[in-house]
Amino acid sequence: MAVAQGTCPGCGAPIEFGVGSSVSKVCDYCRATVLRSDRGLENLGRIADIANTPSLIAVGDQGTLAGRPFTVMGRVQLDHGAGPWDEYYVAFDYGTAWGWLAFAQGNWYVTAQTSAVPIPPYEALRLEMDLPLGASGTLRVGELKQGTISSAEGELPGVFRPGQIRYYADCFGQQGAFATLDYGDRSHPPELFIGWVFPEAQMQVTAVGPRTVQKVATDRIRCPSCGGDIPKLSGERALRVGCPFCGAVSDIAAQTVISTQEAARSRPEIPIGARGVFDGTEYVCTATMTRMAEVEGELFSWDEYLLFSQGIGYRWLVKDEGNWSWVVEVNIAELDLSRMPGLVTWNGRSFTARNQNEAIVDYVLGEVYWKVTVGDVTSVMDFVNGTDVLSREASAGEVHWSFSRQLPWSVIAQGFGLPLDSPAGASETATSGSSASGCTTALVLVVIIIVVLVLCIGMGTCGSGGSSGSSRGGSGVFTGGK
């Protein structure tokens, strides 16, 4: 039942407001933004058409989040300059409460407005800064950026004018806590929205709202460069795709080519579209990416494979110097950064700084969930504890952490049903073999070492001088950025 209704002052079409928290609505017919006030309905001007962004929910959809009912009332699109993203205005508990839903970086976020908490000025914030936010505890700044409002649709809890700048800080806390500090255009006091990051499995959605033609019954992505049909492997979650036919990297929503690159250089060691089971969960390989870094004047490269599982999200498999690693995202709030840059503590373990360099995206194939471009550069720091690695990756206005643990090729091959003797597992194969040949080789090596030591002692050449080894950087064990 509508809480307010009337006719659009722009075109005369009927206008209804479904919940009391809605202040404005975009007319479905003429795209006028209609403001609801005690003076009636006011026309604030026409707004641009909504961009056809990949999205999992639509205005009008109904569902539950952790058992709590909600209805999607409206959507706002914002843009960093690389293409729009969506934030959804939702009414909870049949209109008695409201908040925002968003999908970014492969994760879902929900927030609701909170008051009476002091917020520092925008210029005082910095990445990885800890902020006490009242009853919500202390959260850590992970993203510090600005976006421009480009479009909107449906009902909204305020007036969202195209071209308005929105400065914001996204903060993360323990156990999935999340907050957005919204400074608007910095001409008014900031607003605080508190919530959490939640797994997709907690949300059930019934598709009630209208879908665009492009999203109806399609399981393909059309390459705007060569026209090839690329299988869609992660639903409406991907933002860009590297075409397996011509190599072009394109924006899926805008259908524009972002980067050009050669067609597939070689068959990926884990084929795109391959499905594998790890710890009882099935993943599909949606993309592969090659990155490189310059260390002491020499270029090194490594390969990263993006895996997706419905309800679980994204994981990475990384091959670096013949070794494979399983990579997961780390909550920035769970890290003890008090002894940076030399040491970081996580889960009671200390990780020592190993290297720092600039990582460059060299090649992309398949679909990814962020605005990737060939040539993207990020600053990477690796911290090690044995063969385990914590990685910090920072770009303009945001920072992300990940954890990687080495995984034998035999486990990967078994999971994906790939040949155990594949060249992808050459490093592992080289260190294995029959026990008889291994013992023989070891015995020969021991004899050689003894002979060399005897000669060294006799000739006096085993002095205190030694060589200093150099470890290469850029393990590339990060889950990816926007």
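Two residues are said to be in contact here when heavy atoms of one lie within 4.5 Å of heavy atoms of the other. With that in hand, a tour of this predicted model can begin. Leu317 makes a handy starting point: leaving aside neighbours within four places in sequence, Leu317 is in contact with Ile270, Asp303, Glu304, Tyr305, Leu307, Trp324, Ser325, Trp326, Leu407, Ile412 and Phe416. Leu317 sits in strand S25, and its relative accessibility of 0% makes it count as buried. Leu306 is eleven residues away from Leu317 in sequence, with 6.7 Å between the two C-alpha atoms.

Stepping back to the whole chain, the secondary structure adds up to three helices and 32 strands. The protein chain has 482 residues, and 48% of them count as buried. Its accessible surface is about 22700 Å², with 54% of that belonging to carbon and sulfur atoms. As for contacts between residues at least 6 apart in sequence, 55% of them join residues at least 24 apart.

Next comes the nonpolar interior. In soluble globular proteins, nonpolar side chains tend to be buried together. The largest nonpolar core of this model has 21 residues, and those with the most contacts inside it are Met289, Leu306, Trp316, Val364, Val368, Trp370 and Val372. At least two residues of this core come from each of strand S23 (281-295), strand S24 (298-309), strand S25 (313-320) and strand S29 (349-368). Met289 gives a feel for the surroundings: not counting residues up to four places away in sequence, Met289 touches Trp302, Asp303, Glu304, Trp316, Val361, Tyr363, Val364, Trp370 and Val372.

Two of the contacts of Leu317, Ile412 and Phe416, lead over to helix H1 (residues 409-416), where Trp409, Ile412, Ala413, Gly415 and Phe416 are buried. Viewed down the axis of H1, the buried residues fall within an arc of 165°, so they line one face of the helix. Right after H1 comes Gly417, with a positive phi near 70°.

Aromatic rings turn up in pairs too, and the structure holds 25 such pairs. One of them joins Tyr89 and Trp98 edge-to-face, at 5.7 Å centre to centre and with 70° between the planes. How exposed are the two partners? Tyr89 has 0% relative accessibility and counts as buried, while Trp98, at 23%, counts as partly exposed. Another pair brings together Trp100 and Phe160: the ring centres are 5.9 Å apart and the planes stand at 75°, over the 60 degrees that edge-to-face requires, so this pair is edge-to-face as well. Trp100 belongs to strand S9 (residues 97-104) and Phe160 to the loop between strand S12 (138-156) and strand S13 (165-172), so the pair ties together parts that are 60 residues apart in sequence. Trp100 is buried, at 10% relative accessible area. Ring pairs also link Tyr89, Trp98, Trp100, Phe160 and Phe193 into a cluster.

Thr111 has a place beside this cluster's members, since Thr111 touches Gly99, Trp100, Phe178, Phe193, Ile194 and Gly195, not counting residues up to four places away in sequence. Thr111 is found in strand S10 (residues 107-114) and is buried, with a relative accessible area of 9%.

Charges meet rings in a couple of places. The charged end of Arg36 sits over the ring of Phe17, 5.3 Å from the ring centre. Arg166 does likewise with Tyr168, its charged end lying 5.1 Å from the centre of that ring.

Lastly, the backbone has a few points worth a look. Most residues other than glycine have a negative phi, and most peptide bonds are trans. Ala66, though not a glycine, has a positive phi of about 55°; Ala66 lies in the loop between strand S6 (62-65) and strand S7 (68-79) and counts as exposed at 56% relative accessibility. Gln175 also has a positive phi, near 55°, and is found in the loop between S13 and strand S14 (177-184). At 81% relative accessibility, Gln175 counts as exposed. A cis peptide bond joins Met340 and Pro341, with omega at about 5°, and Pro341 lies in the loop between strand S27 (335-336) and strand S28 (343-346).

How values were computed: Residues are numbered from 1 along each chain as its sequence is written. This is a predicted model: local features need pLDDT of at least 70, side-chain atom pairs count only at pLDDT 80 or more; totals for chains, interfaces and linings use all residues. Side-chain values use heavy atoms; hydrogens and water are left out. Rings of Phe, Tyr and Trp (its six-membered ring) pair if their centres lie within 6.5 Å; planes under 30 degrees apart count as stacked, over 60 as edge-to-face and the rest as tilted. Buried means under 20% relative accessible area, exposed over 50%, partly exposed in between (1.4 Å probe, protein chains only). Helices (H or I, at least four residues) and strands (E, at least two) are DSSP runs, numbered from the N terminus. A charge sits over a ring if NZ of Lys or CZ of Arg is within 6 Å of the ring centre and within 35 degrees of the ring normal. Accessible areas come from the Shrake-Rupley method with a 1.4 Å probe; for residues, only the protein chains shown count as cover. The arc is that of the directions from the helix axis to the C-beta atoms. A nonpolar core is a set of buried Ala, Val, Leu, Ile, Met, Phe, Trp, Tyr and Cys residues joined through side-chain atoms within 4.5 Å.
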